[in-house]
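Hi everyone, and thanks for having me. Please have the sequence and the picture open while I talk, and stop me whenever you like.

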Amino acid sequence: MAKDTLTFRLITCLTLFACFAETSVALPLSFGISQGDLSYDELSSDDFHIYHDKRVPHEAAMALEALSAAKSPFEVWFDEKRTRPMPVIMSAVTSGASFANLITDAMELQTLGRGPRDLFWHEYVHMSMYLHLRNFFGPAGIVIHIPWMPAWFIEGLAEALSVSLGSHVTASIERYQALSGDWPTYDRLHSLYTERNFFTRGYASSGAFVTWLLRKGYENSPDFLPQLLRRFYTYTLPHYYPLSMTPVTDFLPFDEALRDFLGRTGRELYQDYKKERQEYWQEQNASPLEPTPEFYKNPETILVSTLTSQGNDAVAFAPDSGEWTELKLHFDKQGWWDQGTETKQRLSIDRLTSLLSLKGSLKLAVQSLKHMKNGTPQHHLVLLREKEGALAIEQTLVKRSGRFTGVWETSTHLVWSEFETEISRLCMIDKTFLGQPVIDQNVKCPASVTLPQSLKVLGTETEETQGALLTTKVWYSIEEQTLTGDRHDLWVWDLNTNESRPVKFLEGGNPEFMFSAGPERWLLVGERSQQVLRRVASDGTCLAVAVLPDLVMNGTGLADGSLVLVLWRGSEEHLRKIDPRLMPQKACAKAWEHSSPLLLAMNAGGIFPLSKALQLNEEKGVERPFNTESTRKAARRRSPASWRPRPVLAFPWVGADDALGYQLGMVTIPLMDHMQNETLFASLLVGVRSRYPNTYVTLVSDRFWPRLSLSAFRRQVWNGRFLLVDSETIESSYIDEKGVRASANLDVHFSDALLAINGGVLVARKDQYIGPPLVIEGTLVEPFLSATLSAGFGKWVWDLNLNGKIASPAMNRDFDYNVVGASTSWTRSLPFFTSQMSLSLEGQRTRGRAEKTPLLKQMYIPLKTFIPGSGGGYNKNSFPVYGKGSLFSVRFGDSQGRGTLNWNFPLIKDVDKLIWIVYLEELRFSSFLNYGGVWNQGNFNPDKHLLLAHGHNVDLLLENKGVRLNFGFGVGQVKAEPFQLFFNAGFNAFF
């Protein structure tokens with residue numbers, strides 16, 4: 001069936017599932033921050049436009065080379081070609097999730113200036129797959145089809161081809177799950193975006209599952225992947241909606257496509273996959289060190305990145321809402337961590353990160369502050385001293401714009417590793433500068449590399465001097481990811497002589513840690529499908545190898561020769577103390593390197609079938625050393641980033657902000673520049689009954705600090721409800737408002753607080769539209785200003801908002817009034833029930849000349865709800881269902897105040913259930929207590945105007961591709977009135 005048919009156009013316009021339009025808001029270039037004074041360049045080829053921070057030209061070159069190399073294999077594997085260059089927008093100052101933006105048809109990468117090759121390939125897989133789902137709406141039309149595709153296939157396909165987590169990580173997680181039986185449920189694999197602690201497991205599990213599924217598919221069809229995607233597209237067309245839109249049927253587009261090719265649904269195939277992989281890993285004679293009993297679980301307070309050693313003891317710092325405790329770890333007879341003994345009293349230091357030096361004679365820590373303009377972290381190396389029985393900051397030793405990744409002490413120096421955008425380095429400062437003002441010139445960095453190379457510290461060697469463990473050597477690797485494999489060189493920095501020398505690394509692999517344990521050195525290396533511990537000599541020569549059937553996340557060596565390892569265990573990380581000398585060991589051999597289907601294609605050269613790449617990637621015992629020579633030959637053009645406008649999307653929308661009912665129309669983002677710094681949003685909605693043309697156009701610019709926006713609109717504005725004396729009926733009043741609004745948003749970061757300032761002016765013409773003739777008509781000029789301060793204090797989060805607007809007679813003929821308001825809230829998490837409590841206070845008043853002040857001054861509803869034309873959002877709304885109390889009654893005046901106490905906790909934290917295409921995430925209980933009301937100036941009577949109301953509700957949180965929905969019921973009352981039953985509904989988008 002042709003994609004672009006008249007029937008398809010008409011039916012789609014009528015049946016679009018409106019809530020998925022929330023994903024249409026594109027991420028700006030600065031990914032949540034204003035560009036400000038950052039300069040951007042553009043690196044271009046015929047196929048890609050790479051927009052990048054001018055400070056990271058090498059990262060941009062890496063991205064262009066990686067994407068250009070993958071273009072030909074992907075065009076063959078997906079049997080689709082792009083018709084125009086792909087924009088790739090990179091941020092070197094943020095570190096959030098990267099995103100293949102299906103709406104804007106652009107790759108958006110947040111890399112801190114250190115983007116890895118496999119991340120570029122992972123996102124490129126998404127962009128290539130999306131080509132199969134386009135329709136006459138363009139790239140944005142993909143939102144019609146993508147809700148029906150399981151998240152496990154979207155992310156799993158990208159991982160199957162790129163293996164961006166690392167092949168040994170994916171294989172180790174699959175091995176653990178197969179041998180322990182601790183698999184994620186099939187339902188859970190449909191939701192990969194909402195819980196960060198599921199990220200690694202979810203992506204590895206879905207990647208391994210889709211790899212298996214593709215192998216099965218290619219056994220039956222030589223072009224399985226493109227045919228599967230085309231069949232899925234067909235089943236998502238509107239003439240299948242009578243089946244797919246009915247949750248009670250078993251017709252789901254992706255399951256039907258799988259049935260056509262493999263005869264099984266996704267759920268059935270997942271069961272087959274688990275059974276087959278369990279048999280496979282049992283045949284490999286691999287088993288975890290020992291299944292962890294349920295009672296051996298690390299408390300959530302342990303932050304394993306702080307794990308270190310003091311002689312024969314393993315020590316960690318445990319954070320708890322800003323307070324830190326030094327723990328000495330104790331292990332049972334089997335070596336599992338049993339408990340921790342507090343060895344030092346608690347310390348509370350604002351903005352302290354997890355990186356702490358516990359060795360040596362000094363206490364060193366890293367304090368993270370934020371850049372005033374964009375909120376990016378600025379890091380200080382600080383010296384802690386004990387004062388009056390507590391540790392406190394004595395001196396800020398070094399201020400760096402880069403990020404510290406390790407801190408150590410020698411007899412004469414403080415030493416650290418850091419990275420800043422493209423550069424990673426080892427630095428030091430002489431201890432004689434302690435107690436003096438910080439001077440950058442005093443910092444020496446003897447080892448520094450720039451992308452495409454990167455430097456990673458593997459571990460250190462220490463010796464005891466005058467009762468303190470001081471660092472003597474630092475082992476580090478210099479890595480380069482080429483288009484055909486990974487190259488690693490190992491070095492040792494001797495701190496006594498300040499010289500670095502290369503050490504042998506003949507067997508290859510991915511070096512991850514070097515543990516110094518007594519007289520032995522153990523190098524933890526990731527190979528194709530496992531990790532190994534290599535016992536190495538001081539010059540790097542491999543002496544023996546012990547295979548680790550577990551996935552090791554971190555560790556430390558003790559003086560007695562044992563190791564304390566942090567082992568991956570599904571949703572937990574467990575500590576295990578082992579003696580590697582007692583483990584079975586074998587001779588050193590060449591490692592089978594990290595691999596992926598795309599790397600195999602790069603090494604083969606030319607066109608390499610996906611079916612063959614998948615099969616070769618699974619084969620064991622075949623040594624295929626990759627060619628790791630750097631090959632960077634793509635034609636490129638570099639220039640200052642150009643401003644290029646481009647259309648993005650326009651598609652149907654159903655609105656609910658009309659006085660007489662629903663609205664139909666279009667929501668568009670018709671214009672934005674390629675870097676997404678200027679974006680023009682527009683909507684045109686017409687009331688089905690009112691025929692009112694609700695229009696809104698907004699231009700937003702993120703190119704400056706502050707962020708600027710300009711809006712033009714025509715909208716209905718609710719003007720309150722009035723009792724008509726002649727008919728004794730209550731009727732709503734609405735205003736027809738046409739105007740413009742200009743504003744600037746300034747975010748100022750200091751310490752760990754954020755001050756958000758928003759100011760501007762509203763100019764509008766107001767006329768009566770619906771209801772009684774009680775509207776002050778005329779032209780309004782209304783400047784406004786608001787400021788919100790947010791800060792954290794230990795376990796508390798505090799917000800304070802001040803806001804005001806004024807219609808001055810100097811600027812207005814028909815209006816003369818001012819509005820002033822304030823609100824504050826305190827929120828904290830509680831230890832019982834994983835609950836959260838918040839207390840908020842708010843108040844607002846309107847003053848002015850009676851004949852020139854809007855009739856709707858202040859209003860109060862005991863339970864806030866959605867009223868068309870009154871503003872607000874769709875995140876959560878309450879609607880009355882049963883009962884005649886006044887929980888939803890609106891009261892009017894010129895002054896109002898409210899105090900609210902909220903408490904909520906999950907009844908079921910992980911529902912872990914899939915209904916239709918919606919994942920049931922959490923069942924949450926919440927309760928509120930309100931005390932407040934509204935009154936007129938000079939007529940305040942607490943008994944008459946203030947109401948006590950409370951409510952209790954249960955809400956179900958659901959999710960699909962990052963779009964979160966909530967539905968629930970509650971019961972509440974205004975004191976001394978009947979109880980009322982109400983319904984909650986809302987949605988929000990993760991992206």
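I'll walk through a helix, some salt bridges, the aromatic rings and a few backbone details. Keep in mind that what you see is a predicted model.

Let's begin with helix α9, residues 253-262. How many of the residues of this helix are buried? The count is 8 of the 10, so α9 is largely enclosed by the rest of the structure. The buried ones are P253, F254, D255, E256, A257, L258, F261 and L262. And what do they pack against? Their partners are α4 (151-162), α6 (199-220), α7 (224-235), α8 (241-244) and α10 (266-283). Right after α9 comes G263, with a positive phi near 75°.

There is also a salt bridge inside α9. The side chains of E256 and R259 meet there, at 2.3 Å from N to O. Here is a bit of background: an α-helix has 3.6 residues a turn, so residues three or four places apart point the same way. In our case, E256 and R259 are 3 residues apart in α9, which puts about one helical turn between them. E256 is buried, at 14% relative accessible area, whereas R259 is partly exposed, at 30%.

How many salt bridges does the structure hold? There are 46 of them, and I'd like to show you a couple more. K328 forms one with D313, and their closest N and O atoms are 3.5 Å apart. K328 belongs to strand β8 (residues 323-331) and D313 to strand β7 (residues 313-320), so this pair ties together parts that are 15 residues apart in sequence. K328 is partly exposed, with 29% relative accessibility, and D313 is partly exposed too, with a relative accessible area of 29%.

Next, find D736 and K738. Their side chains form a salt bridge, 3.5 Å from N to O. D736 counts as buried at 7% relative accessibility, while K738 is partly exposed at 34%. Both also belong to a network of salt bridges that links R714, D736, K738, R765 and D767.

Now for the aromatic rings. A search of the whole structure turns up 45 aromatic pairs. One of them is F888 with F982, an edge-to-face pair with 6.3 Å from centre to centre and 70° between the planes. F888 lies in the loop between β44 (877-882) and β45 (891-893), and F982 lies in strand β51 (residues 980-989), so the pair ties together parts that are 94 residues apart in sequence. Are these two residues buried or exposed? Both F888 and F982 are buried.

Rings can gather in groups as well. One aromatic cluster has W152, F153, W183, Y186, F209, W212, F232, F254, Y270 and Y273 as its members. You may recognise F254 in that list: this is one of the buried residues of α9.

Charges can sit over rings, too. The charged end of R188 sits over the ring of F198, 4.0 Å from the ring centre. In the case of W336, R576 lies over the face of the ring, at 4.6 Å from the centre.

On the surface, there is a nonpolar patch of about 630 Å², made by F793, W826, L839, L901, L929, Y931 and L948. Within that group, W826 is found in strand β41 (residues 817-830) and is partly exposed, with a relative accessible area of 34%.

Last, the backbone. Most residues other than glycine have a negative phi, and most peptide bonds are trans. Which peptide bond is cis, with omega near 15°? That is the bond from L451 to P452, and P452 lies in the loop between β18 (444-450) and β19 (453-465). The bond from W705 to P706 is cis as well, with omega near 20°, and P706 sits in the loop between β35 (693-701) and β36 (707-724).

As for phi, D105 has a positive value of about 55° although it is not a glycine. D105 is placed in the loop between β4 (99-101) and β5 (106-110) and counts as buried, at 4% relative accessibility. F833 has a positive phi too, near 65°. This residue is in the loop between β41 and β42 (835-848), and with a relative accessible area of 53%, F833 is exposed.

That's my tour, so over to you for questions!

Methods:
Residues numbered from 1 in each chain as written. Predicted model: local features only at pLDDT ≥ 70, side-chain atom pairs only at ≥ 80, totals over all residues. Heavy atoms only, no water. Patch = residues over 30% accessible without salt bridge, like charges linked within 9 Å, V, L, I, M, F, W, Y side chains within 5 Å. Areas by Shrake-Rupley, 256 points an atom, 1.4 Å probe, with all protein chains shown as cover. Salt bridge = Lys/Arg side-chain N within 4 Å of Asp/Glu carboxyl O. Helix = DSSP H or I, 4+ residues; strand = E, 2+ residues; numbered from the N terminus. Buried < 20%, exposed > 50% of the residue type's maximum accessible area, 1.4 Å probe, protein only. Phe/Tyr/Trp six-rings, centres within 6.5 Å; stacked < 30°, edge-to-face > 60°. Lys NZ or Arg CZ within 6 Å of the ring centre and 35° of its normal. Contact = heavy atoms within 4.5 Å.
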